[in-house]
Amino acid sequence: MAAINEGLLLTPLATAKVWNPSKSITEPMTPSFSGSPGLVGVPEFVADKVTFAAPGTQKQNLVLLAKKAGLIDSEANWAQMTSEVVEELRVRAKKAYVTYGRELLKTMKGGVCTMFTCAAIGWVAENAESLPDDAVVELFAHVDSGAGHGFAVVDRNRTGNADKVDEWGDLCFVVDPWFARHRRTPPGTDHVKNLVVNDPFHLAAYVDFLKEPKARVSQLTFTKAELPTLL
């Protein structure tokens, strides 16, 4: 955890500007950190829950993504899709996501939360040895009316409910450089947060921030062993 934090603090994420910052989490006297992100967004990925048995609207999106990736003919429809095509599309989308994150690490001067998280996962992919053994990195999203947030969760207790922060377990930690840019003092300025009280990386205000929205959803998973294969 400490190695990941130290590594991320040496990247442009530590000084990148935040587009549309959240006033509710900004620490008093934090130096100016807001600015235009330029291009906004990250590559589209195939969420873990999306499978070959996806409902109609998701099938249409998978077809479009498969055409764009050249996995099926440009005039094809769902009839040409197979479970193997869906899984190949998932892997390619993961590679594109990690590749974009690595590029952001070189050039990012500002962005939204999804860009900060994508870049952080790109760094973790390049430095997978910094992860605990057999770690799983999950791309999470807050689900709320009118607002959302993207962040990464490492080593969550996956037998628990992903929506319940209190069930994520004591070994879990969160990577959220976007939140860190809103703060002035450690551990707020640290790019990782521990959920365990009295840990040096624990911040009660951040745990409250995680719990505030209506729901939390695990969208995409990366294993420690998988990440280097996506480089």
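**Strands, helices and loops in a predicted model**

Strand E3 (residues 136-144) and strand E7 (residues 215-223) run antiparallel and are joined by eight bridges. Two strands are taken to pair if DSSP finds at least two bridges between them. Within this pairing, His 142 stands opposite Arg 216 in E7. The element names come from DSSP runs numbered from the N terminus: helices are H or I with at least four residues, and strands are E with at least two.

Before I continue, a word on the source. This is a predicted model, in which local features need pLDDT of at least 70 and side-chain atom pairs count only at pLDDT 80 or more, whereas totals for chains, interfaces and linings use all residues. Residues are numbered from 1 along each chain as its sequence is written, and side-chain values use heavy atoms, with hydrogens and water left out.

To return to E3: is this strand enclosed or open? Seven of the nine residues of E3 are buried, so the strand is largely enclosed by the rest of the structure. Here, buried means under 20% relative accessible area, exposed means over 50%, and partly exposed lies in between, with a 1.4 Å probe and protein chains only.

Just before this strand, in the loop between H4 and E3, we find Asp 134. Its phi is near 60 degrees, a positive value in a residue other than glycine. Asp 134 is exposed, with a relative accessible area of 72%. A second case is Asn 20, in the loop between E1 and H2. Asn 20 is not a glycine either, yet has a positive phi of about 55 degrees. At 56% relative accessibility, Asn 20 is also classed as exposed. Why remark on such values? Most residues other than glycine have a negative phi, and most peptide bonds are trans.

The second half of that statement leads to the prolines. The peptide bond from Pro 186 to Pro 187 is cis, with omega near 0 degrees. Pro 187 is found in the loop between helix H5 (177-180) and strand E6 (192-194).

I turn now to the helices. How do H3 and H4 cross? The axes of helix H3 (residues 83-107) and helix H4 (residues 113-126) come within 7 Å and cross at roughly 100 degrees. The axes are lines fitted to C-alpha atoms, for helices over the stretch in contact, and the angles run from 0 to 180 degrees between N-to-C directions. H3 and H4 are therefore roughly perpendicular to each other. The classes are under 35 degrees for roughly parallel, over 145 for roughly antiparallel, 65 to 115 for roughly perpendicular, and oblique for the rest.

The residues that meet include Tyr 97, Tyr 100 and Leu 104 in H3, and Met 115, Ile 121 and Trp 123 in H4. Contact means heavy atoms within 4.5 Å. The residues of this contact divide into 11 nonpolar, four polar and two charged. In that count, Ala, Val, Leu, Ile, Met, Phe, Trp, Tyr, Cys and Pro are nonpolar, Asp, Glu, Lys and Arg are charged, and the others, Gly among them, are polar.

One residue of H4 merits separate mention: Phe 116. At 0% relative accessibility, Phe 116 counts as buried. Leaving aside residues up to four places away in sequence, Phe 116 touches several residues, among them Leu 13, Val 18, Met 108, Pro 177 and Trp 178. In helix H3, we may take Glu 88. At 34% relative accessibility, Glu 88 is partly exposed. The C-alpha atoms of Glu 88 and Leu 71 are 8.4 Å apart, with their positions 17 residues apart along the chain.

Which residues of helix H6 (residues 204-211) are buried? They are Tyr 206, Val 207, Phe 209 and Leu 210. These residues cover an arc of only 155 degrees around the axis, which puts them on the same side of H6. The arc is that of the directions from the helix axis to the C-beta atoms.

Finally, I consider two further loop residues. Ala 76 has its place in the loop between helix H2 (56-68) and H3. Ala 76 is buried, with a relative accessible area of 8%. Not counting residues up to four places away in sequence, Ala 76 touches Val 63 and Lys 67. Lys 23 is found in the loop between strand E1 (17-18) and H2. Lys 23 is exposed, with a relative accessible area of 79%.
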